[in-house]
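Please look over the strands and helices of the chain shown here, and use the briefing below as a guide to how they are arranged.

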Amino acid sequence: MFLKRVTLQGFKSFADKVEFDFGPGITCVVGPMGGGESIIVDSFRWVLGEQSARSLRGHQMQDMIFNGSGTRRASGMAQVDLVFDNADRVLPYDADEVVVTRKLLRAGESEYLLGKQVVRLKDGRELFLDTG
């Protein structure tokens, strides 16, 4: 099992949909100061169930949604997808790829998805238990 791809859309300063592809052996994300490396780390924590906005460097969970700029309108939602390669079946999920998603709408509704199925946060956390 390894992290194959991360997709961010409307999450913090990533207004547009952005994909980061990772291959086997990649162990870190490096870039210039202000390039978004810490936001990528925040997105991992957020999609895996972090409930404290302060732990994600915000004041409230709505701070995870792109708030607009001088030239861009605010986003209506934030979504992060983590795609794991599961060909070795380390995760107890019967698919070669496992997609874990979290969505947050500006109205306050939030949902977690496993594949394309809506699940409880507890279900997502249990998926990763005992995986190291």
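F84 stands opposite V98 in strand 4, in a model that is predicted, so that local features need pLDDT of at least 70, side-chain atom pairs count only at pLDDT 80 or more, and totals for chains, interfaces and linings use all residues. Residues are numbered from 1 along each chain as its sequence is written, and side-chain values use heavy atoms, with hydrogens and water left out.

**Strand pairing**
- Strand 3 (residues 77-85) pairs with strand 4 (residues 97-105) in the antiparallel sense over nine bridges, where pairing requires that DSSP finds at least two bridges between the strands.
- V80 stands opposite R102 in strand 4.
- Strand 4 also pairs with strand 5 (residues 110-114), antiparallel and over five bridges, and T101 stands opposite L113 in strand 5.
- Four residues lie between strand 4 and strand 5 in their hairpin, in which G108 takes a positive phi near 110°.

**The sheet**
- Six strands form an open, antiparallel sheet in the order 2-1-3-4-5-6, strands being DSSP runs (E, at least two residues) and helices likewise (H or I, at least four), numbered from the N terminus.
- Because strand 2 (18-21) and strand 6 (117-119) stand at the edges with a single partner strand each, one side of each is left without a neighbour in the sheet.

**Helices on the sheet**
- Helix 1 (residues 37-47) packs on the sheet, touching strand 1 (2-9), strand 2, strand 3, strand 4 and strand 5, with contact meaning heavy atoms within 4.5 Å.
- The direction of helix 1 makes about 85° with that of strand 3; axes are lines fitted to C-alpha atoms, for helices over the stretch in contact, and angles run from 0 to 180 degrees between N-to-C directions.
- Helix 2 (residues 121-128) lies across strand 3, strand 4, strand 5 and strand 6, running at about 150° to strand 4.
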